[in-house]
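I open this notebook to record what I looked up in one structure. The entries follow in the order in which I made them.

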Amino acid sequence: MDIMSSIGQLLTFFLGIYSWIILFRVLISWVNPDPYNPIVQLLIRVTEPVLGPLRRMIPSIAGIDFSPIVAFLGINMLQSMIHALFSSGNVGGAMMAILGQLIQFVYLIVVFYMLLLLVRGGINLYSWSSFRRGQTSKLDLRHPLARFIFQATEPAVRPLKRYVPTVFGLEISPFIAALLSIFVLNILQIVVAALMGIR
């Protein structure tokens, strides 16, 4: 068992190194590196077999590439599975650990999405308030960040618009969607607590 545990630690160590390589590629991409630089080419050659297929499956939103985030999640889950398998040989425990981490990741995504909904609601409120005072909104909705917020939250807000009326001209659908997100978060908390054996 000690040998198996050592192998598990070695595998998780190499996976950790690979995570750092992906992170380094993400960071270096922000400064427009020379694509012919040997280090840049090495980073691309090492990480592209993982990031390339993920990029084809997960479309970017407003120019933001989400493939590194999914890669980090996958590596983290793989590390947990290897740790559980090589340390105790408990396959069921490994699967539960992966499921727990997957739900926790979904939880973080929902929290992030709820924040986007609240920001969109805040933009609506600011624009509505400016309009009521007879002033022009200073927010530039053509900004890439604003476009990203509206594009990302539209799938949740659009169906609600049919059922949620405006209040004195203020669109409150983003706030209603944010409240529904809290309900989803509560359910996920219950599921995670049950998986972790927390009472």
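The entries below go from the whole chain to its cores and then to one residue.

I note that this is a predicted model, in which local features need pLDDT of at least 70, side-chain atom pairs count only at pLDDT 80 or more, and totals for chains, interfaces and linings use all residues. Residues are numbered from 1 along each chain as its sequence is written, and side-chain values use heavy atoms, with hydrogens and water left out.

Entry 1, the chain. I looked up the secondary structure and found six helices and zero strands; helices are DSSP runs of H or I with at least four residues, strands runs of E with at least two, numbered from the N terminus. The C-alpha trace spans about 75 × 55 × 25 Å along its principal axes. Of the 199 residues, 30% count as buried, that is, under 20% relative accessible area with a 1.4 Å probe, protein chains only.

Entry 2, the cores. I found that the largest nonpolar core has 12 residues, including I103, L117, V157 and L188; such a core is a set of buried Ala, Val, Leu, Ile, Met, Phe, Trp, Tyr and Cys residues joined through side-chain atoms within 4.5 Å. Helices α4 (91-132), α5 and α6 (173-196) each give two or more residues to this core, and α6 supplies the largest share, five residues. Another core, of 10 residues, lies apart from it and has I22, L51, A71 and F86 among its members.

Entry 3, E154. I located E154 in helix α5 (residues 144-161). E154 counts as buried because its relative accessibility is 18%. Not counting residues up to four places away in sequence, E154 touches R120, P159 and K161, where contact means heavy atoms within 4.5 Å.

Technical notes:
Buried means under 20% relative accessible area, exposed over 50%, partly exposed in between (1.4 Å probe, protein chains only).
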